[in-house]
Amino acid sequence: MSGNLADGRQGGAVGALLEIACDESGSDGENLTGGNTDVFAHAGVSLSMASAAAVVGEIRDRIRSPAEEYKANHLLREKHRAVLEWLLAPEGPIDGQARVHLMEKTYFVVDRTLGLLLDDAAEAALLFRAGRPVLGEDGWRAFLEAANQLLRVRHDGDPVDAFYGTVDTLRRTHPGTDAARILERLARTRPRAVAYRDGFLAGPPLIPLLNPLLPAIVRTAALWSGSGRPVHLVHDRQNMLTPERIAWIAGTARRAGIGLAGLRLVVARDDARVQVADFLAGIARKIASDELNGRGDPVLTALLRPYVDPDSVWGDARSGALLAAPVTG
């Protein structure tokens, strides 16, 4: 998985491979409950180099900013609304050639926590739906923050004691509820949590449980290879994407039967296709976040909907339905 299978400079197709250019938006590392963003987005585009360059050139001509490198925030400014709508429009420049995988960060925390401690995805979905209504805003926030600290590699204090102290308080405060029933189950899982934390004594894990980028790349490969054609990914350089982690992505994809033929890292400003993926990831993250927080723009949400991966990791039912990202579980 060194990226030697194709150089990716001849367009979206290289021989029998489909080449997909990727980028992300909303990465806060493992700080998923207290970071700057509440949505993570990973976009892939299948444009040729020439087509992508034409898209970037058209955006520059329409926006006419002196900025050396354009980012999604240029398109998200109200004065450039027409450019944003042009980019996402049906039969527009990326229609049918771009997809974006979304992750609602707080749901990702709950899913990973109950996956680790209970091996039960259905309970994760149930707790997520019941959490805020039953535990209240403060109680739900306390649970999310304690879970985030428990799972992240870098932490403050004793995350095991903090997590189980929070669980114990909440289950006693809200007896007889679905949330309390799940919290009762969690209260009995301390040995698993201790074993998880003890695993860090030899050093940080190769694959941090809470980092969304790596599973998002695997999902992007699955999304584009679904037709049976193997894909080669071209991705913006990331510190997270070390050779060892790229090998993990390759192995995970292989075991899942995903046709991932290679992954190559590039500098975004040198590859117009990755720049277009960066635009879509940033735009999708903002539109999805606005919808999640009840301030969505119906026109933009409708324009984004065809690009959204139906298997996005999303827990909020209302915004998920609007974004066409079905509730998991």
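Display the whole chain as a cartoon: its secondary structure comes to 13 helices and six strands, where helices (H or I, at least four residues) and strands (E, at least two) are DSSP runs numbered from the N terminus. The radius of gyration is 21 Å, close to the 20 Å that the globule rule gives for 329 residues, so the chain is as compact as a globular protein of that length; the radius is taken over C-alpha atoms, and the rule is 2.2 Å times the number of residues to the power 0.38.

This is a predicted model, in which local features need pLDDT of at least 70 and side-chain atom pairs count only at pLDDT 80 or more, while totals for chains, interfaces and linings use all residues. Residues are numbered from 1 along each chain as its sequence is written, and side-chain values use heavy atoms, with hydrogens and water left out.

With the C-alpha trace shown along its principal axes, the atoms fill a box of roughly 60 × 40 × 35 Å. Colouring by accessibility next, one finds that 53% of the 329 residues count as buried (under 20% relative accessible area; exposed is over 50%, partly exposed in between; 1.4 Å probe, protein chains only). Among contacts (heavy atoms within 4.5 Å) with a separation of 6 or more, 74% are accounted for by residues 24 or more positions apart.

Now select the Phe, Tyr and Trp rings. A search of the whole structure finds six aromatic pairs; rings (for Trp, the six-membered one) pair if their centres lie within 6.5 Å, and planes under 30 degrees apart count as stacked, over 60 as edge-to-face and the rest as tilted.

Centre the view on Trp140 and Phe143, a stacked pair at 5.7 Å centre to centre with 10 degrees between the planes. These two residues are three apart in helix 5 (residues 121-151), and are thus separated by about one helical turn. Both Trp140 and Phe143 are buried.

Move on to Phe163 and Tyr164, whose ring centres are 4.9 Å apart with planes at 90 degrees, so this pair is edge-to-face. Phe163 is buried at a relative accessible area of 1%, and Tyr164 also counts as buried, at 6%. Adding Tyr107 and Phe128 to the selection completes a cluster in which ring pairs link Tyr107, Phe128, Trp140, Phe143, Phe163 and Tyr164.

For the last stop, select Ser289, which is placed in helix 11 (residues 272-292). Ser289 is buried, with a relative accessible area of 7%. Neighbours within four places in sequence aside, Ser289 is in contact with Asp38, Val39 and Arg295.
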